[in-house]
Amino acid sequence: MPGYRDLDYDVVVVGAGVTGLYQLHCLRKLGFRVRVLEAGSDVGGTWYWNRYPGCRFDSESYSYSYSFSQELLNEWDWTEHFSAQPQTERYLQFVADKFDLRKDIQFSSRVASTVFDEEHSCWEITVEGGAQFRCRFLIMSIGHLSAPTLPNIENIAKFSGEWFHTGLWPKEEVTFSCKDVAVVGTGASGVQMIQEISKTAKSLTVFQRNPNWCTPLHNKEISKSEMQEIRKNYPHIFQACGASGGGFVHTTEDRNALDVTEEEREKFWEEQYAKPGFSMWLGNFKDVYIDREANRLLSDFVARKIRDRVVDEKTAELLIPKDHGFGTKRVPQETFYYEVYNQSNVRLVSLSETPFECVTKKGIKTTDREYEFDTIVYATGFDAITGSFDRIDIRGVNGRRLRESWRSKIVTFLGVQVPDFPNFFMIPGPQVLFANHTRLAEFNVEWVTALIKHVDGKGLTRVEPRLDAAEDWSNHVEESGKELLINEVDSWMSGVNSNVEGKQRRVFVRYDGIWPAYRKRCRGIASSGYQELQFS
Ligand code: N01
């Protein structure tokens, strides 16, 4: 295209995680000049930043493999059904090396702002420190869970010991042995860390605001011969993921909990509880997340399991959620998590009984007393889904700021594009399907790659969604979530973060449709010539 050769790049991709790496590979193969800007010092995204002890996949490792390269599938061996962070990080490094991706990635480059230049129809990107780039297309592969948040309590920085957030874990080794350690937060990250820290710490104090329903991970090693079987089975694994509602290997049971006898229900739940990964959460009866009574029965079942596993009755009751039913928040996967509370070096402090007052030089003060620590770990989560976008000053047509327009209402097209933000793509963005990350990433990357090829091939300058098409999508997102109990609960999945101003209200940040239907819709749009988009 005349004029475009003067730009620094055809495409800038922000983020070198699972999505960004594949996006670079796809576009480069088509001959585009691509630059990836990555804040970290290496590839990996989530698996680079979340290097806390105990961090691992909650989904079957092989279901998270890239599927685009048979050679890659042949060459990479997973050694655990639920791979720990170091191996997952090595996998992404292996991918980067195999496809020679690093030469087009600029590390330690955190994007501060991106502004659309209407006169030249290009994006102007400024990296922290001042470096600037101009490109035609901009792809944000910055993740849904990459803006860590600390609790809104006073004096966090005044603590004289060591303190960390799970999502910004240092590369240097952190040890807990002979130390008095605190963990704040009992979501998926907190649960994984608590299990690890309890093994070596002199004392571990867990500060829990609201408990979560957790189910056993049942992780196991994968032997060489088992890996050979998995490799042969990859086509079936990916096919099963493709047919399931969320792109996982688990599929919803085609019966209602309320249509079977009590004995059948109990038997089924016992079986699911004994199976690995998200079996209990995602492989359950089809009415349990819509019907309150079905959900209550399921919650009672899991509560009984917790009572069986925790010796002290009061502690067991504190660990059983009373504010939401099973599966209506993301279910942390655990390995002897509940048994940790039977150890003499572990205590549970319920912040709903004795709330935080502040952090002190020596530790944490609640309304009850001051606790002293050597180390405090904040497993307090993320400004999820929109937070990573809000942190960058993204300005589209007429200087319109993305974060400001989202403050009143989030409107996207397929969770990938936004009206008035031409040549701008989010993989993933808000309102995209809530699914197995790699399966979704591969699909969205290929869809966006095909669209960019279409725009380029037709000699077009700009592409953005029509406002009515984006509004239709956002209304569809709301409709699809209406019946679900998950949307009656405050969590990052419903856009709530008590530590971030303006994020106390539930919004539809996630699409609750099903994976085959999402793909069909996206493919239909492409095959009918992208009529929902406007080109110039
Ligand atoms: O974050 P969370 P996470 N005072 O938001 C508490 C993915 N993930 O990092 O429930 C006191 O779930 C908060 O309490 P409450 C996964 O998708 C994947 O654990 O709000 N406590 C909660 O207990 C997951 O869902 C893997 O009352 C405060 C915790 O901090 C997502 O990441 C592993 C507080 C935050 O839990 C996020 O998980 C780990 C305050 N002011 C994570 N503020 C894999 O397996 C917050 N809390 C791949």
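**Exercise 1. Salt bridges**

State how many salt bridges a search of the whole structure finds, and say which parts the pair Glu-80 and Arg-56 ties together.

Solution. The search of the whole structure, which is a predicted model, finds 45 salt bridges. In one of them, the side chains of Glu-80 and Arg-56 meet at 3.1 Å, N to O. Next, place the two residues. Glu-80 lies in the loop between helix 3 (70–75) and helix 4 (85–98), while Arg-56 lies in the loop between helix 2 (46–49) and helix 3, so the salt bridge ties together parts that are 24 residues apart in sequence.

**Exercise 2. Helix 16 against helix 6**

Determine how helix 6 is oriented relative to helix 16, and list the residues that meet.

Solution. Two packed helices are described by the angle between their axes and the distance between the axes.

1. The axes of helix 6 (residues 224–243) and helix 16 (residues 515–527) come within 7 Å and cross at roughly 85 degrees.
2. Angles of 65 to 115 degrees count as roughly perpendicular, so helix 6 is roughly perpendicular to helix 16.
3. From helix 6, Cys-241, Gly-242 and Ala-243 take part; they meet Trp-515, Pro-516 and Arg-519 of helix 16.
4. By class, the residues of this contact are four nonpolar, one polar and one charged.

**Exercise 3. Helix 16 against helix 14**

Repeat the analysis for helix 14 and helix 16: at what angle do their axes cross?

Solution.

1. The axes of helix 14 (residues 437–457) and helix 16 cross at roughly 5 degrees and come within 11 Å.
2. Angles under 35 degrees count as roughly parallel, and helix 14 and helix 16 are therefore roughly parallel to each other.
3. Helix 14 contributes Arg-439, Leu-440, Phe-443, Asn-444 and Trp-447 to the contact. Helix 16 contributes Trp-515, Tyr-518, Arg-519, Cys-522, Arg-523, Ile-525 and Ala-526.
4. These residues divide into eight nonpolar, one polar and three charged.

**Exercise 4. The second largest pocket**

Describe the second largest pocket by its volume, and say which helix gives the most to its lining.

Solution. The volume of the second largest pocket is about 550 Å³. Its lining has 24 residues, of which Thr-386, Trp-406, Arg-407, Gly-502 and Lys-503 are the closest to the centre. At least two lining residues come from each of helix 12 (387–390), helix 13 (402–408) and helix 15 (467–481). Helix 13 gives the most, with four residues. Sorted by class, the lining holds ten charged, seven polar and seven nonpolar residues.

**Exercise 5. Backbone geometry in two loops**

Locate the cis peptide bond that joins Ile-427 and Pro-428, and the positive phi of Asn-155.

Solution. For the bond between Ile-427 and Pro-428, omega is about 0 degrees. Pro-428 sits in the loop between strand 18 (424–426) and helix 14. Asn-155, a residue other than glycine, has a positive phi near 70 degrees. Asn-155 belongs to the loop between strand 6 (132–140) and strand 7 (162–165).

Definitions and conventions. Residues are numbered from 1 along each chain as its sequence is written. This is a predicted model: local features need pLDDT of at least 70, side-chain atom pairs count only at pLDDT 80 or more; totals for chains, interfaces and linings use all residues. Side-chain values use heavy atoms; hydrogens and water are left out. On a 1 Å grid over the protein atoms alone, a cavity is a set of points where a 1.4 Å probe fits but cannot get out, and a pocket is an open set with protein on both sides within 12 Å along at least five of seven lines; lining residues have an atom within 4 Å of a point. Grid points are joined across faces, edges and corners, and a volume is the space filled by probe spheres set on the points. Ala, Val, Leu, Ile, Met, Phe, Trp, Tyr, Cys and Pro count as nonpolar, Asp, Glu, Lys and Arg as charged, and the others, Gly among them, as polar. Axes are lines fitted to C-alpha atoms, for helices over the stretch in contact, and angles run from 0 to 180 degrees between N-to-C directions. Angles under 35 degrees count as roughly parallel, over 145 as roughly antiparallel, 65 to 115 as roughly perpendicular and the rest as oblique. Contact means heavy atoms within 4.5 Å. A salt bridge is a side-chain nitrogen of Lys or Arg within 4 Å of a carboxyl oxygen of Asp or Glu.
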